[in-house]
Amino acid sequence: MNAKNTILTLALAALAPASFAAQKVADLSVTSQSAPAIAMAQPSAAAVMPSADLRLEALGMGDMIRITVFRNPELTTEARVNERGGVLFPLVGEVPVAGLTPAQAAQRIGDKLRAGRYVVNPEVTVSAMQVNSRQVSVLGNVVKPGRYPIDSTNMRLTDFLASAGGIAPTGSERVTILTNRNGRAEKLEVDVAEIFRSGDLSRNVSLEPGDTIFVERAPMVYVYGEVQKGGSYRLEPNMTVMQAIAMGGGITPRGTDRGIKISRPDGNGGTRRIDVGLTDRVRPDDVIQVQESLF
C-alpha cells in the first residue's frame, strides 16, 4: 500500500502544473473575449457630442441662392426663396427649401432630378448669395451701419461690430442691444472695452435674427479759445483739463493756462461757469475756454 500511495502522489504532482497552466489559459481566454464587449459598451466621443445647431445656416424666405449641377451648366439657376418657402428649378418645378441648410437643399433637388430621371447621378450645389431671412441690424455710431447676416461663424456682438467696420470715433464703448425672445422684448447694455480688459467673454453675447445693436454717441468735451484746434473731442475716462486742451493741440502763444473756465450743464437745462485748474477732471458736455494772456 505504501508503494502504491507513493506512486499516486508522484503522478498527481506531475499533473498539477499542467492543470494550473490550463486554468490560466482559460482565464486569459475569458478576459480577451470580455474586453471587446466592455469596449463596445463604452459610448464613443462622437456619440456623446451634441449634434451641431444648424438653425443659423438654414435658408429662409427672401434668401437669394445659386443652384448648380455638375456637368449641366444649362441648369444653373439663381432664385429667391418665395413666401411659400420654395424655389423654382428647371425640370422639377418648385422645390421646398425653407428650413434646410444649403447642403440639405442640394440633396433634395438632386433627389428630384434623379427620381424624374432628368439627370443620372446629379451632383448639385446650393450656395447662399444673399441672406435676407436672418439678419442683425447695427445702427448708430459705427463706420458702416446696416443689416448683416447671422450664421454659425458670425453670431456674437463683436462679430457684428467688426462687420460694420467697428465703432466710429464718435461712438461710445457702451452699446445697447435690443432683443425679442419668445415675444418678450429686452434691452441689454454691454461695455465692449470691458470685455477685452477683463477677458470676460460671457458679455460677448450671442445674437439671433431680428436683434438690433445700437452704438450711442460717446460723451464729448468742447475746447475753444486760445488753443491750436478748437472743437469737440471724445471724453476719455478720468480725463483732465490738461488732457482735453492737449487734444485741441495745446495753448497758443497768446493763451495762458491761468484763468481757464468751464461752462458745465447744471442738470436743469442751464449752465454754470466755474474756474478750474489743469489737473481738474472734466465731465460730459463740459465747454473749456482758454483765456488770452493779458501780458
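Modeller: Buried means under 20% relative accessible area, exposed means over 50%, and partly exposed lies in between (1.4 Å probe, protein chains only). This is a predicted model, where local features need pLDDT of at least 70, side-chain atom pairs count only at pLDDT 80 or more, and totals for chains, interfaces and linings use all residues. Residues are numbered from 1 along each chain as its sequence is written, and side-chain values use heavy atoms, without hydrogens and water.

Biologist: Why is N82 called buried?

Modeller: Its relative accessible area is 12%. Buried means under 20%, so N82 qualifies. N82 sits in the loop between β2 (77-80) and β3 (86-89).

Biologist: What makes N82 and E94 a polar contact?

Modeller: Their side chains come to 3.4 Å. A polar contact needs N or O atoms within 3.5 Å, one able to donate a hydrogen and the other to accept it; sequence neighbours count only if both atoms are side-chain atoms. So 3.4 Å passes. A polar side-chain atom of N82 also lies 2.9 Å from the backbone nitrogen of G86.

Biologist: Why does R147 count as exposed?

Modeller: R147 has 55% relative accessibility. Exposed means over 50%, so R147 fits. R147 is in strand β7. Its side chain makes a polar contact of 3.1 Å with that of Q135.

Biologist: How do you know that β6 and β7 pair?

Modeller: Strand β6 (residues 135-140) and β7 share 4 bridges, in the antiparallel sense. Pairing takes at least two bridges found by DSSP, so these strands pair. One bridge joins V138 to G146 in β7. The wider sheet is open and mixed, in the order β7-β6-β10-β8-β9. Strands β7 (146-149) and β9 (184-191) are its edges, each pairing on one side only.

Biologist: What makes E78 and R66 a salt bridge?

Modeller: Their closest N and O atoms are 2.7 Å apart. A salt bridge needs a side-chain nitrogen of Lys or Arg within 4 Å of a carboxyl oxygen of Asp or Glu, so this pair qualifies. E78 is in strand β2 and R66 in strand β1 (residues 64-69), 12 residues apart.

Biologist: How do you know that R254 and E292 form a salt bridge?

Modeller: Their closest N and O atoms are 3.0 Å apart. That is within 4 Å, so the pair counts. R254 lies in the loop between α6 (241-247) and β13 (261-265), and E292 in the segment after β15 (287-290), so the pair ties together parts 38 residues apart in sequence.

Biologist: Why is E292 called partly exposed?

Modeller: E292 has a relative accessible area of 42%. That falls between the 20% and 50% limits, so partly exposed is the term. R254, at 51%, is exposed.
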